[in-house]
Amino acid sequence: MLQLLVGQTLNGVIVGTLYGIIALGVTLTFGITGIVNFALGEFMMIGAYVTWYLFDVAGLPYPVAIWPAVAVAAGCGFAADQLLFRFTRNNLINGLLVSIGLISIIEAAALLLWTTTPKDMGYVLSGAVRLGGMSLPKMKLVVFALLAAVMFLTYAALSRTWIGRAAYAFSQNPEAAMLMGVRTQVLQSTVVVYSTALAGFGGALYATLYSLEPSMGGLYILKGVEAAILGGIGSLIGSLAGGIILGVTEAVGSIYLPSAFRDAYGLIFVVAILLYQPSGLFGAER
Amino acid sequence: MKALLWVPFLVFPALVQSNFILSIFIFSFILAIAAVSFNLIFGFTGQLSMFHAAAFGIAAYITSLTASFFHVSFWLALLPAIGFTILISLIIGSICFNFQLRAFYFAVVTLAFSELARLVILNWNSVTNGTLGLMVLDKPFVWAPGAGLIKIDGVFGWYFFSLAALIFTVAVCSLVLGSWIGRCFAAIRLNEDLAQTLGIDTFRYKLLSFTLANTLAAIAGSLYAFYTGYIEPNYLGINQSLDIISMVLLGGRSSILGPIAGAFVLTGLPHMIDLSGEARAILYGLVLILTILILPQGLIGTLASWRRAA
Amino acid sequence: MLLDVIELSKRFGGLSALSDVSLSIAAGEIVGIFGPNGSGKTTLINLVAGIIAPSAGRILWKAGEIQGQRPHAIAAAGVVKTFQNPQLFLELSIYDNVAIASHLRLQRQFGLSRLTELLPWRDTSQRVQVADAIDRVVALCRLEGVRDRTAASLSYGQEKMLGVAMAMMCEPELLLLDEPASGLGEDETRTLEEVLRDLRDCGTTLCVIDHKVDFLARIADRAIALQQGSVIAEGAPGKVLRHPRVVEAYLGRQHARA
């Protein structure tokens, strides 16, 4: 039993980092552009499918295949920003609705290109690591390490570089930042594109573990938003923490309670947090 | 005066012989009820509720199950559906509004409850038959003076039945919104803090708006179930919520009738233009985006402002 | 005493905005509260109106405790405040703004029978009575000329008047005015003074917070000076303004000694 618990917890942590990378995108976008980009799940899907295509169909080595995938996701993100999100800055409802329209379009396009038949990517890294009495697939550990690394690097970059400090200043006081010379338009677009790139990267890694369907984005953006709220919108470390907590809650919850309701456990937890600690576990109320 | 707007709808079936077109109208009427009622809480009170489709779907299930299980008429079966909707609205609304959740969080919490409801219905196979859905074989009966009990079956019957329901919904909304209650909703939408200091109990009125909107949606859901003869868990899905939101946005959220236009366009268009499912979804996404960016007041709203400017 | 504030304190994190403030307001008087920025004036008003809850102390309204109650309940009890930065329903006309504010009046005058407004064959007599009241308040606040314009199109002075009009529509027994004269020119300030005196003559008790001391001196029966969250002087306006501690707070130590 203990083995099951530990195993599920570890699984939850790994899935949690996937939630976390989306949550990071959500939190960054909200902090700098004032909207929640619900279409981030679709950018994750784009990254996943392009990776699959390049690795499985075109035969490129996996480490090479990731980068064009991320680039495509980021490119689409840039297009979305210039055509759509540029006009909905700080307008939560409009941003929400526009991103929902975008979801319809992207998902339909994916259906046309790749159909609903799930695509399974071939093994990138096979084999497992033995920990105690359990075996954990190596690829899962790699995914975890890469995602966590990217999130920490993002955090470090934001707290140490000029761009990071400009972004922080902007999120605190947009007008002052503008008067100080921060190129706010560029900053906002950069953040949108970066968060779609993060989602694409998450998708590229997702493809190594699970089968791909055009509808995968919808589930992950929901989890990403939940994780962002849990961790506190505005807190970068909170995104990772929130994601992991959500992943573990779902995984462990499924042991003791019907797994059909797995998605519900995270939801209930999030609702409870929102009611008692609206700023999330790590965040400050915006 | 505005009653004149309904006259064309009353004579329409006499002019058009196509059952296909009439059935599009029926769907439009029923979904218009959902859209108009959603606008109560969204357009007029300013709260983005993602629970509307859940109210729609839950009532569909309760009405259908009650009718077939207990062998009662549509009207009797409607009662527990409405009762439950009121109860669940009061509970969820109290939770949300008591904690004074700001706009975005209210949307998220109502979404969470909506998803929970959908999961329950999806997995409660013994009662709801899960993903397979349920067939609804009963039909409503209406007592008409002179003709006795008529069964609402077939396109003509449903056309007038659903039109009557829509007129009822619009009448209720007009009365409420035209009264001091409507002013309270507007106050909450425009400046909630100010409304509080002027003595308006914003908790009570938000709860009222939410409950009333959901109750009308429950009626729409029940009608939909009995008309299509089939219900499934996706009625409570996010996509259904989004459809309703799109109808309101497209038609215009500052009027009672606006959402009706949106319902007609979004229900009718996919049937008019023969498109594959994916192409339809792309069109739908484009319509939503263009409406937000170019026509923020919706079709009716934009027309109304042109008229004012002229 | 209409309003009794007893040892009221409010802390925001480590900052003490108000410390053990006690004061009373009697029916029919105009009390002026003044002090430099940061002295706790707005915090005091927000505490009384229920916008925030105190850290310690009590607020008695007609001998009943009201501290910590929600703003709408306190408004219903007869205490209404205006906002320093005018809070309005910008999309609506002046008339509609005041009409919304008639909510409490409707409730008091008609109780549950106002539900008859929902019936299809509506009884419009209630509306007519309230409409009269709206007209009176609009006239009182010198806003008849602009009653059909949207609130967003008003000048700053008119916005402030509208704030007062809406508060008056609630039939308050005690009206709390948060810096009503700030940002107003000479003429507008005089108009404001006339309106406030008219209000008092109609039976409303006023508590005015401002830092325009000459305005306060002209209008208040009694003045209370605040500094850094505490009361430093109280009494007739002229006397309070010459009180050494007050002079020191406003003008600095040198002038106080001189």
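1. A good place to start is the meeting of chains B and C: 23 residues of chain C are in contact with 18 residues of chain B. Please keep in mind that this is a predicted model. On the chain C side, helix H2 (71-77), strand S6 (79-81), helix H3 (94-100) and helix H4 (103-110) each give at least two residues to the surface touching chain B. H2(C) has the largest share, with four residues. Sorted by class, that side of chain C holds 16 nonpolar, three polar and four charged residues.

2. Chain C also has an open sheet of four strands, which pair antiparallel in the order S2-S1-S4-S5. Strand S2 (15-25) and strand S5 (64-65) of chain C are the edge strands, each pairing on one side only.

3. Within that sheet, have a look at strand S1 (residues 3-12) of chain C, which is joined to S2(C) by seven bridges in the antiparallel sense. Here Phe12(C) sits opposite Leu15(C) of S2(C).

4. Helix H1 (residues 41-49) of chain C lies across S1, S2 and strand S4 (56-61) of chain C, and runs at about 65° to S2(C).

5. Over in chain A, Tyr155(A) belongs to helix H5 (residues 138-160). Is this residue buried or exposed? Tyr155(A) counts as partly exposed, because it has 17 C-beta neighbours inside 10 Å, and a buried residue would need 20 or more.

6. Leaving aside residues up to four places away in sequence, Tyr155(A) touches Leu236(A) and Ile237(A). From Tyr155(A) to Val15(A) the C-alpha to C-alpha distance is 20 Å, with their positions 140 residues apart in sequence.

How values were computed: Residues numbered from 1 in each chain as written. Chains lettered and ligands numbered in written order. Predicted model: local features only at pLDDT ≥ 70, side-chain atom pairs only at ≥ 80, totals over all residues. Contact = placed C-beta atoms within 7 Å. Nonpolar A, V, L, I, M, F, W, Y, C, P; charged D, E, K, R; others polar. Pairing = 2+ DSSP bridges. Axes fitted to C-alpha atoms, helices over the stretch in contact; angles between N-to-C directions. Buried ≥ 20, exposed ≤ 12 C-beta atoms within 10 Å, placed from the backbone.
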